[in-house]
Amino acid sequence: MSGNILALSGGGFRGLYTVRVLRRLEERLEKPLADHFDLITGTSIGGIIALGIAAGIPLKTIEDTFHEKGRSIFPKPIGGSMHRKMWKPLQWIRSLFLSVRAIFNPIHSASGLEAVLIELFGDRRMKDLVRAKVAVTAANLSTGSPKMFKTPHHDEIYLDENLKVVDVALATSAAPVFFPIHQVSESNTFFADGALMGNSPGLFGWLEAKTRLNVPEDEIYVLSIGTLAGRPSISSATKPEQGVFFWLNPRRPRLMTFLMSQQEHLTDYMLKLLLNDRYHLIDGTVSDEATGDIDLDDASDAAASTLISHAEKHFSDFTNSVYCKTHFPREAATHA
C-alpha cells in the first residue's frame, strides 16, 4: 500500500489555522482527505481534527465549531486580545485573580470541551472510525509511558477499538495548566495532553507506516501542518536565576510552550533528514504584534481573523511548492 501520511500538531484554538488549511487542501483534491491519506496522526487539537476526519465529519462543520463553540471551551483565558483591551489596572487585577486560581485548579473546566465533543462524535467508538486510519498521541500518567490511541488498522492493534472517541479526544487534549487530567473509566487510567510526548506527530506517523502498514521507506510521504507556534525565545536581558513562577506562570506557561516548540522543530529537522523531498511542513510565524492574538486559549474574533488570514497565505504559498505540484497536482478549486 502507499504511505501518504498527514500529521496535525497541537495548539489549542490555533487549530483553526489547521482546519482552514485542510479545507483548502480538500478543495484542491476535489475529494475527502480521508480518501487521499493512508494514515492521519494528530496531537491535542490536531488529534481531535484527525478523529473528526476519520468519523466523516465535514471540515466545514469542524471549522464552524471553532467559531461557534470556541468561547464555551475557553470561556476565561488569562491573556488574549480581549484581556488587553481592558483598562490596565483591571488587566492586572484580573490576571492576578486568575493566576492565583490557576495555582490550585486548571484554567478551564473540561465541561465545555466535552459537550462539544459529544455533539460531534456522539457514542462512536474507535472501531467505528472507518473513513481513515488514525493514531493520536497522549501521555499515560498512570504508567508514565507515552500512548498512541489507534484505530484497529492492524491485526495486533485492538486494545483501543472499544474506547469512546470522546475519551480519546479528551485524553489527547488534556493540556496541563489549561485543562484537568482526563481519566478513562474503562481502564481507570489517567492521561494528559499528547504534547508532553510529541506535539508534532509526523515522526510517529512515519514509524507507524513503516512498522504497521508495511510501507517501504521510499514510499512514505509526510505532510505536516503546524499551528503557528513559531520559535518561542527569551530576551537576552532575562536574568539566569529564574524560578517556578517564570516557568509555570499560568499567564505565560513557558515550560509547556518551550517543550512543545523544541519537539516540533526537532521533529521537523529529523523528518527532513529522513525523507528529504518526501516531507513538507505547512506552518509559519506571525508578527510580534499579532503573537498575543493567538494564545492557546484565545477564541476571540481577533484570534480567529489572524489564524484564518495566515492559513490562507500559507496555503497559497504551499500551492507553489514542488511538493504540492507533485502530490496535489490538480488546480485549486475556486474558493467559496
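This briefing covers the enclosed cavities of the structure and one buried residue, Ser-200. The model is predicted. The count comes to 2 cavities of 30 Å³ or more. The largest holds about 390 Å³ of space, and the second largest has a volume of about 30 Å³.

**Largest cavity**

- The lining of the largest cavity is made of 29 residues.
- Closest to the centre of this cavity are Gly-12, Ile-45, Ile-48, Phe-74 and Leu-113.
- Four helices each give two or more residues to the lining: H2 (45-54), H3 (59-73), H6 (111-121) and H11 (254-275).
- By type, the lining of the largest cavity has 20 nonpolar, 8 polar and 1 charged residues.

**Second largest cavity**

- The second largest cavity is lined by Asn-4, Ile-5, His-36, Phe-37, Tyr-221, Tyr-323, His-327 and Phe-328.
- Strand S1 (3-8) and helix H14 (322-327) are the elements that give two or more residues to this lining.
- The lining of the second largest cavity divides into 5 nonpolar and 3 polar residues, with no charged ones.

**Ser-200**

- Ser-200 sits in a loop, with helix H8 (195-198) before the loop and helix H9 (202-211) after it.
- Ser-200 counts as buried because its relative accessibility is 8%, and the cut-off for buried is under 20%.
- Beyond its neighbours within four places in sequence, Ser-200 is in contact with Ser-9, Gln-263, Glu-264 and Thr-267.

Technical notes. Residues are numbered from 1 along each chain as its sequence is written. This is a predicted model: local features need pLDDT of at least 70, side-chain atom pairs count only at pLDDT 80 or more; totals for chains, interfaces and linings use all residues. Side-chain values use heavy atoms; hydrogens and water are left out. Buried means under 20% relative accessible area, exposed over 50%, partly exposed in between (1.4 Å probe, protein chains only). Contact means heavy atoms within 4.5 Å. On a 1 Å grid over the protein atoms alone, a cavity is a set of points where a 1.4 Å probe fits but cannot get out, and a pocket is an open set with protein on both sides within 12 Å along at least five of seven lines; lining residues have an atom within 4 Å of a point. Grid points are joined across faces, edges and corners, and a volume is the space filled by probe spheres set on the points. Ala, Val, Leu, Ile, Met, Phe, Trp, Tyr, Cys and Pro count as nonpolar, Asp, Glu, Lys and Arg as charged, and the others, Gly among them, as polar.
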